[in-house]
Amino acid sequence: MNLYDRIPNNVNLAEDKKLQRALEKWLPNYIDWWREMGPEGFQEKEVWLRTAVDVGSEGWAHFDYVKMPDYRWGIFLEPAQPEAKVGFGDNYGRPAYQEVPGEFRNALRRIIVTQGDTEPASVEQQRQLGKTCPSLYDLRNLFQVNVEEGRHLWAMVYLLHGYFGRDGRDEADALLERRSGNPDKPRILEAFNQPCDDWLNFFAFTMFTDRDGKYQLSALAESGFEPLARTCKFMLTEEAHHMFVGDTGLGRVVRRTAQLMKEGDVLELGGIPLDIIQKYINFWFSYSLDLFGGEISSNSADFFAAGLKGRYKEQEQYTEHSAANENFTMLVVEDGQLKPREVPLRNALNEVLRGEYVKDCEKGLARWNKVLHDEGMSERLFLPNPRFHRHVGEYAGHHFDIEGNLITKEEFERRRSEWLPTLEDREYVRSLMHPVVEPGKIANWIAPPAAGIKGKPFEFEYVRL
Ligand SMILES: [Fe+2]
Ligand SMILES: [Fe+2]
């Protein structure tokens, strides 16, 4: 572990001078980007952050106060498996690829660039949030997520620089040039151009959109291209905390809302009504579903065949790794109706991965509904049908109600405000966002967490302002 190098790493960077030089050239541009687009107003504050210092399951992280620009972004891969094999597809059982397979070079670069682009995008989306934090605990969690997304960008840039030569370096530069929501140079995926300017958005984003990341990374962690698999495995370790922030954050909002419901009118009491929470769920869940790509996809078939992108827990969950002789049935729109269509399983792997994601999201909903139950409420939150409000794939261009029934565009527009946040909803939520920065204090619209971070109490001074 070369922890005190200019670029901390466990990939023996010092022995690859060319790569080291390339990354050291990229580093100042990254720091410039961070200063320009990272959390606004807090760059010089000390934040109690965890820093990755190892990749082992024990003690991989170190907690201390650090100013964010001094965070030790580094390159950490899970250790190589000397006997690693391609775990699925047409090359099943052959030695894992240590270099990029030539015929899939462009496709693989695209996968890495698309994943890499989401990392700085989310930092940009969230850069104003610190100013309205509901507590120091939440402020610290926001910054933890932000610096780790920065590190994930490093992880992808390492692959681009290390395995793709010139065009990889160009792509690494472009990752610092696009800007979330900028009409001229937007981020690649739509969910990452949506504003994330209040904390309800932030919690929904980390719950639903970071969770898409978990499933993409899990599929890539199965990859026969070993450097990618090893990179993604370690990113998943960090990603778990981001989903924890979203999952528990929304759970705490739900708890506070339930408490206020017992006292009177939630709006009058300055809480977030359940129907607004539901609309935020509908919004971020549907946008996050789009991130999995089309239901029927020849790319997904090609990537699986080549051994580049597997299924979720391919090794643990499946005994048959070719997926060549099975079919998958899904509903598609045909002649204005929903009809079943059978497609080769390999072409349906985006949808299979999306299905795993939906199951995982349902567990989150069950946790929030348990909060409602425990607070004595009969109301429940739910996930919209996956066909609802889609912009990518088979259901894009059609309109569905929240239960997934095909409806007309007119009906959708008529009922849009029942299902998706209105301008008024967003303005109301924003009106609640005032900073609470006294240690141990919390905003009125959210309940405190059940515990602090790493054994520290909620009252701990997580950020020194
Ligand atoms: Fe990430
Ligand atoms: Fe994340």
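**A buried histidine and its iron site**

H152 is buried, at 0% relative accessible area. The model is a predicted one. Start from this histidine and look at the metal.

H152 donates through ND1 to the iron ion (ligand 1). The other protein donors are E119, E149 and E239, each through OE. These donors lie 2.1 to 2.7 Å from the ion. Along the chain they follow the spacing E-x29-E-x2-H-x86-E. E119 sits in helix α2 (residues 105–125), and H152 in helix α3 (residues 136–163). The pair therefore ties together parts that are 33 residues apart in sequence. Like H152, E119 counts as buried, with a relative accessibility of 3%.

What is the geometry around the iron ion (ligand 1)? The 4 donor atoms subtend angles of 80 to 165°, so the arrangement is irregular. A tetrahedral site would need all angles between 85 and 135 degrees.

A second metal belongs in the picture. The iron ion (ligand 2) is 3.4 Å from the iron ion (ligand 1). E149 coordinates both.

Now turn to the cysteines. How many disulfides does the whole structure hold? The search finds 0. C232 is in none, and its nearest cysteine sulfur, in C361, is 19 Å away. C361 is itself unpaired, because the closest cysteine sulfur, in C196, is 16 Å off, too far for a bond. The cut-off for a disulfide is 2.5 Å between sulfur atoms. Are these two cysteines buried or exposed? C232 is buried, at 0% relative accessible area. C361 is buried too, also at 0%.

Note on methods
Residues are numbered from 1 along each chain as its sequence is written. Chains are lettered from A and ligands numbered from 1 in the order in which they are written. This is a predicted model: local features need pLDDT of at least 70, side-chain atom pairs count only at pLDDT 80 or more; totals for chains, interfaces and linings use all residues. Side-chain values use heavy atoms; hydrogens and water are left out. Buried means under 20% relative accessible area, exposed over 50%, partly exposed in between (1.4 Å probe, protein chains only). Donors are N, O and S atoms within 2.8 Å of the metal (3.2 Å for Na, K and Ca); water is not among the atoms, so sites may look incomplete. Four donors count as tetrahedral if all angles lie between 85 and 135 degrees; four count as square planar and six as octahedral if opposite donors are over 155 degrees apart and all others between 65 and 115; anything else is irregular. Helices (H or I, at least four residues) and strands (E, at least two) are DSSP runs, numbered from the N terminus.
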